[in-house]
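Hi everyone, thanks for coming. Today I'd like to walk you through a structure that is probably new to most of you, so let's put it on the screen.

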Amino acid sequence: MTGTRTPDALAEPDVPVRAGWISLLFGANIGLWLGIYAPIQVLLPEQAEHLDAADKELVFGIVTGVGAVVALLTNPLVGLASDRTRSRFGRRHPWTLAGALCGALGLVVLALAPNVAVMVVGWCLVQAGLGGMLATLTSAVPDRVPVGQRARIGGLVGISQMLGTVLGAVLVTVLVTSLPGGYLACAAVVVLGAAAFVLRTRDIALPRDWRPSSGFRAVLRELWVSPRRHPDFAWAWGCHFLINLGNALGTFFLLFFLKDAVHHPDPDTGLLIMMGLYGVALVIGGLVVGPLSDRTGRRKPFVLGAVVVMAAAAVVLVLWQTWPAALAASPLLGVGFGAYWAVALAILTEVLPAAQDRAKDLGVINIANALPQVIAPVSATVILAELGGYPGLFAASAVATLAAGAFVLRVRSVR
């Protein structure tokens, strides 16, 4: 670092972001989550069944698990690289666009995949690209959004995840019904959302003469954020991980659940209905809780309420594996997850250790999004085969979600 004045790129933002910037970030996040969840919810399970009907759960678990390992690595690494990028186009935008193009390439590979090995390659490219894109889009919040506005923006980010999931299901089950066409349509949405955000918003550049306080190799060694030095960061990370693990255990195998446990006559349509109910409830939860949290300055009580509601949704499916139970559980899960996301981003960005490492540290936090995608498929396969089937799977989801509440209580710097 050659100057003493903190660059604008690292300063704490104090000017509220406007509706145009918010809508473009919202659109980019919808494309990101559509590119992840339309394959996870519909396309990858159908492709796994097409390639190996006898072992479809195993194939799906292998593909998603290996891809999630890739996301574990790329998310913090891309965040680290963007923190140190001194392009005239900004720190985040070049990586956002590159990630979208890499993810789109992976979706094209999946559209053409003739076997499981190529499926793995394609999904790894998707996870590498979109994992990096997630790191930079998440970093845009502490880069540009004041603390007092973050719960509202966080709620919209959560809604974008839901809308990406729901719109992705509509896209690949109603509008584009072929498997290759579904992947190609997802690729187009990912690129369009990222390009609109990159081309129409300003990304504050790091000055050319600015040098980070530590070298790249030193920071690479510090990807591990010490829980002893930064306990609030560690507890918030653990809460986020457990929430996402519970959500993954409860949602990854819904299509197979509708086919094999509920015996729904049209599982694809059933999944679409569940996602619609989930989505409407998530929007309500996010829009109500986000402004309320910003107005009161409280975060943890809303997380605790969300945890209880989400666990209740899982318990419903533990007790009854029926279509009416599925319809009841979907909005419960949605309103809980929406309420959680409304405050999650506010909490997570308020416990970051250092401004110059925002994207790297958020990349570490985003491991809590990706790691459950590694653990959940493997764990779910074992649970379904040996530990109680679908009731056992949803019970594990409830336990993980409730445990998240204990973690958030340990965060001291956030009310």
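**Where the two domains meet**

Let me start right at the boundary: between domain 1 and domain 2, two residue pairs are in polar contact, both at pLDDT 80 or more. And yes, pLDDT tells you that what we're looking at is a predicted model.

Which elements of domain 1 face the other side? Helices α1 (19–51), α2 (56–83), α4 (116–144) and α5 (150–175) each give at least two residues to the side of domain 1 that touches domain 2. The largest share comes from α5, with 17 residues. As for the character of that side of domain 1, you'll find 24 nonpolar residues, 18 polar ones and 10 charged ones.

Now, charges. How many salt bridges cross the interface of domain 1 and domain 2? There are three. If you'd like a salt bridge to find on screen, try E49 and K259: their side chains come together at 2.7 Å, N to O.

Let's step back for the overall layout. Domain 1 covers 18–206, and domain 2 covers 227–414. Their C-alpha centres are 19 Å apart. Domain 1 brings 52 residues to the contact, while domain 2 brings 48.

And the area? Together, domain 1 and domain 2 bury about 4,200 Å² between them, with 68% of it on carbon and sulfur atoms. On the domain 1 side, Q41, L72 and A151 are worth clicking on: they supply 13% of the area domain 1 buries against domain 2, more than any other three residues.

That's my tour, thanks for listening!

Definitions and conventions
Residues are numbered from 1 along each chain as its sequence is written. This is a predicted model: local features need pLDDT of at least 70, side-chain atom pairs count only at pLDDT 80 or more; totals for chains, interfaces and linings use all residues. Side-chain values use heavy atoms; hydrogens and water are left out. Domain bounds come from an automatic or database domain assignment. Contact means heavy atoms within 4.5 Å. Buried area is the accessible area (1.4 Å probe) that two parts lose on being put together, summed over both. A salt bridge is a side-chain nitrogen of Lys or Arg within 4 Å of a carboxyl oxygen of Asp or Glu. A polar contact is a pair of N or O atoms within 3.5 Å; within protein, one must be able to donate a hydrogen and the other to accept it, and residues adjacent in sequence count only if both atoms are side-chain atoms. Helices (H or I, at least four residues) and strands (E, at least two) are DSSP runs, numbered from the N terminus. Ala, Val, Leu, Ile, Met, Phe, Trp, Tyr, Cys and Pro count as nonpolar, Asp, Glu, Lys and Arg as charged, and the others, Gly among them, as polar.
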